[in-house]
Amino acid sequence: MTTLNDVRATLIAQGYPADQVDAMLNLAGRMVLEGSLASKDDVNGLRDEFTLFKIDVGTQFAELRAEMDTKFAEMRVEMNGKFAELRVEMDTKFAEMRVEMNEKFAELRVEMYEKFAEQRADADNRERRIIKWVVGTVLAGIAVNVAVMGIGIGVVALLMR
(Lines give C-alpha, C1' and ligand atoms only; values in the text may rest on other atoms or scores of the structure.)
Protein backbone atom coordinates (compact mmCIF):
# COMPACT_ATOMS: atom_id res chain seq x y z
CA MET A 1 0.00 0.00 0.00
CA THR A 2 1.37 3.36 -1.02
CA THR A 3 1.22 6.34 1.35
CA LEU A 4 0.89 9.96 0.33
CA ASN A 5 4.50 10.50 1.45
CA ASP A 6 5.59 7.76 -1.00
CA VAL A 7 3.58 9.39 -3.79
CA ARG A 8 5.07 12.81 -2.86
CA ALA A 9 8.65 11.43 -2.87
CA THR A 10 8.11 9.67 -6.21
CA LEU A 11 6.70 12.80 -7.88
CA ILE A 12 9.56 14.96 -6.56
CA ALA A 13 12.08 12.34 -7.74
CA GLN A 14 10.52 12.56 -11.22
CA GLY A 15 11.30 16.27 -11.25
CA TYR A 16 8.08 17.92 -10.17
CA PRO A 17 8.62 20.94 -7.86
CA ALA A 18 7.87 20.16 -4.20
CA ASP A 19 5.46 23.08 -3.72
CA GLN A 20 3.41 22.02 -6.75
CA VAL A 21 3.35 18.38 -5.59
CA ASP A 22 2.16 19.51 -2.17
CA ALA A 23 -0.57 21.61 -3.77
CA MET A 24 -1.64 18.66 -5.95
CA LEU A 25 -1.72 16.26 -2.98
CA ASN A 26 -3.66 18.80 -0.95
CA LEU A 27 -6.17 19.03 -3.79
CA ALA A 28 -6.35 15.25 -4.12
CA GLY A 29 -6.83 14.92 -0.35
CA ARG A 30 -9.67 17.40 -0.42
CA MET A 31 -11.22 15.43 -3.27
CA VAL A 32 -10.98 12.19 -1.28
CA LEU A 33 -12.21 13.69 1.97
CA GLU A 34 -14.98 15.75 0.46
CA GLY A 35 -15.92 13.15 -2.12
CA SER A 36 -18.68 11.67 -0.01
CA LEU A 37 -19.85 15.06 1.22
CA ALA A 38 -19.40 17.01 -1.98
CA SER A 39 -21.87 17.33 -4.74
CA LYS A 40 -21.21 16.07 -8.21
CA ASP A 41 -20.47 19.63 -9.35
CA ASP A 42 -17.91 20.03 -6.55
CA VAL A 43 -16.18 16.78 -7.53
CA ASN A 44 -16.22 17.81 -11.21
CA GLY A 45 -14.83 21.22 -10.25
CA LEU A 46 -12.03 19.57 -8.27
CA ARG A 47 -11.32 17.22 -11.17
CA ASP A 48 -11.21 20.16 -13.56
CA GLU A 49 -8.94 22.02 -11.16
CA PHE A 50 -6.67 18.96 -10.94
CA THR A 51 -6.64 18.62 -14.73
CA LEU A 52 -5.75 22.30 -15.09
CA PHE A 53 -2.99 21.80 -12.53
CA LYS A 54 -1.53 18.90 -14.55
CA ILE A 55 -1.77 20.96 -17.74
CA ASP A 56 -0.04 23.88 -15.98
CA VAL A 57 2.77 21.65 -14.73
CA GLY A 58 3.18 20.13 -18.22
CA THR A 59 3.27 23.62 -19.75
CA GLN A 60 5.87 24.76 -17.23
CA PHE A 61 8.03 21.72 -18.02
CA ALA A 62 7.67 22.38 -21.75
CA GLU A 63 8.70 26.01 -21.21
CA LEU A 64 11.66 24.91 -19.10
CA ARG A 65 12.67 22.37 -21.75
CA ALA A 66 12.42 25.02 -24.49
CA GLU A 67 14.43 27.45 -22.36
CA MET A 68 17.09 24.79 -21.72
CA ASP A 69 17.22 23.94 -25.43
CA THR A 70 17.71 27.63 -26.21
CA LYS A 71 20.47 27.94 -23.59
CA PHE A 72 22.20 24.83 -24.91
CA ALA A 73 21.97 26.17 -28.47
CA GLU A 74 23.46 29.49 -27.31
CA MET A 75 26.23 27.64 -25.47
CA ARG A 76 26.91 25.51 -28.55
CA VAL A 77 27.21 28.63 -30.73
CA GLU A 78 29.48 30.27 -28.15
CA MET A 79 31.65 27.15 -27.87
CA ASN A 80 31.89 26.85 -31.67
CA GLY A 81 32.99 30.50 -31.79
CA LYS A 82 35.60 29.94 -29.09
CA PHE A 83 36.89 26.81 -30.85
CA ALA A 84 37.06 28.72 -34.14
CA GLU A 85 39.07 31.49 -32.43
CA LEU A 86 41.35 28.91 -30.85
CA ARG A 87 41.82 27.15 -34.20
CA VAL A 88 42.76 30.47 -35.86
CA GLU A 89 45.15 31.25 -33.02
CA MET A 90 46.75 27.81 -33.25
CA ASP A 91 47.05 28.06 -37.04
CA THR A 92 48.73 31.45 -36.62
CA LYS A 93 51.17 30.08 -34.03
CA PHE A 94 51.98 27.08 -36.24
CA ALA A 95 52.56 29.38 -39.21
CA GLU A 96 54.91 31.52 -37.11
CA MET A 97 56.75 28.41 -35.93
CA ARG A 98 57.00 27.15 -39.52
CA VAL A 99 58.52 30.49 -40.62
CA GLU A 100 61.00 30.39 -37.73
CA MET A 101 61.97 26.80 -38.50
CA ASN A 102 62.41 27.60 -42.21
CA GLU A 103 64.66 30.54 -41.27
CA LYS A 104 66.70 28.34 -38.93
CA PHE A 105 67.04 25.64 -41.60
CA ALA A 106 68.09 28.29 -44.13
CA GLU A 107 70.76 29.57 -41.71
CA LEU A 108 71.93 26.02 -41.08
CA ARG A 109 72.05 25.33 -44.82
CA VAL A 110 74.16 28.48 -45.35
CA GLU A 111 76.53 27.43 -42.54
CA MET A 112 76.83 23.94 -44.01
CA TYR A 113 77.54 25.32 -47.52
CA GLU A 114 80.20 27.64 -46.05
CA LYS A 115 81.84 24.74 -44.19
CA PHE A 116 81.75 22.57 -47.32
CA ALA A 117 83.29 25.44 -49.31
CA GLU A 118 86.04 25.78 -46.68
CA GLN A 119 86.67 22.04 -46.79
CA ARG A 120 86.78 22.11 -50.60
CA ALA A 121 89.24 25.03 -50.50
CA ASP A 122 91.39 23.19 -47.93
CA ALA A 123 91.27 20.03 -50.07
CA ASP A 124 92.18 22.06 -53.18
CA ASN A 125 95.12 23.64 -51.31
CA ARG A 126 96.33 20.22 -50.11
CA GLU A 127 95.98 18.84 -53.62
CA ARG A 128 98.00 21.78 -55.05
CA ARG A 129 100.71 21.28 -52.42
CA ILE A 130 100.85 17.56 -53.20
CA ILE A 131 101.02 18.26 -56.95
CA LYS A 132 103.76 20.86 -56.38
CA TRP A 133 105.67 18.39 -54.22
CA VAL A 134 105.30 15.60 -56.82
CA VAL A 135 106.31 17.96 -59.65
CA GLY A 136 109.23 19.25 -57.57
CA THR A 137 110.29 15.71 -56.76
CA VAL A 138 110.10 14.69 -60.44
CA LEU A 139 112.06 17.78 -61.49
CA ALA A 140 114.61 17.14 -58.75
CA GLY A 141 114.89 13.52 -59.93
CA ILE A 142 115.41 14.72 -63.50
CA ALA A 143 117.98 17.25 -62.30
CA VAL A 144 119.78 14.54 -60.30
CA ASN A 145 119.69 12.25 -63.35
CA VAL A 146 121.03 15.04 -65.58
CA ALA A 147 123.76 15.77 -63.04
CA VAL A 148 124.67 12.10 -62.76
CA MET A 149 124.72 11.81 -66.55
CA GLY A 150 126.82 14.96 -66.77
CA ILE A 151 129.30 13.51 -64.30
CA GLY A 152 129.22 10.20 -66.13
CA ILE A 153 129.86 11.95 -69.47
CA GLY A 154 132.60 14.01 -67.84
CA VAL A 155 134.23 10.86 -66.40
CA VAL A 156 133.93 9.07 -69.76
CA ALA A 157 135.43 12.13 -71.50
CA LEU A 158 138.34 12.16 -69.07
CA LEU A 159 138.90 8.51 -69.52
CA MET A 160 138.90 8.87 -73.26
CA ARG A 161 141.39 11.51 -73.40
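In this predicted model, a nonpolar core is a set of buried Ala, Val, Leu, Ile, Met, Phe, Trp, Tyr and Cys residues joined through side-chain atoms within 4.5 Å.

Q: Which helix gives the most residues to the largest nonpolar core?
A: The largest nonpolar core is made up of 6 residues, namely Leu11, Val21, Met24, Leu25, Phe53 and Val57. At least two residues of this core come from each of α2 (18–35) and α3. With 3 residues in the core, the helix that gives the most is α2.

Q: Which residues does Val21 touch, leaving aside those up to four places away in sequence?
A: Val21 is one of the residues of the largest nonpolar core, as is Leu11. When residues up to four places away in sequence are not counted, the ones that Val21 touches are Arg8, Leu11, Ile12 and Tyr16.

Q: Is the aromatic pair of Tyr16 and Phe61 stacked or edge-to-face?
A: The structure holds 1 aromatic pair. The ring centres of Tyr16 and Phe61 are 5.4 Å apart and their planes stand at 80°. Planes over 60 degrees apart count as edge-to-face, so the pair of Tyr16 and Phe61 is edge-to-face.

Q: Where in the chain do Tyr16 and Phe61 lie?
A: The pair links distant parts of the chain, as its two residues are 45 residues apart. Tyr16 lies in the loop between α1 (4–13) and α2, whereas Phe61 lies in helix α3.

Q: Is Asp69 buried, partly exposed or exposed?
A: Asp69 belongs to helix α3, which covers residues 40–160. Its relative accessible area is 48%, and partly exposed is the class between 20% and 50%, so Asp69 is partly exposed.

Terms used. Residues are numbered from 1 along each chain as its sequence is written. This is a predicted model: local features need pLDDT of at least 70, side-chain atom pairs count only at pLDDT 80 or more; totals for chains, interfaces and linings use all residues. Side-chain values use heavy atoms; hydrogens and water are left out. Helices (H or I, at least four residues) and strands (E, at least two) are DSSP runs, numbered from the N terminus. Buried means under 20% relative accessible area, exposed over 50%, partly exposed in between (1.4 Å probe, protein chains only). Contact means heavy atoms within 4.5 Å. Rings of Phe, Tyr and Trp (its six-membered ring) pair if their centres lie within 6.5 Å; planes under 30 degrees apart count as stacked, over 60 as edge-to-face and the rest as tilted.
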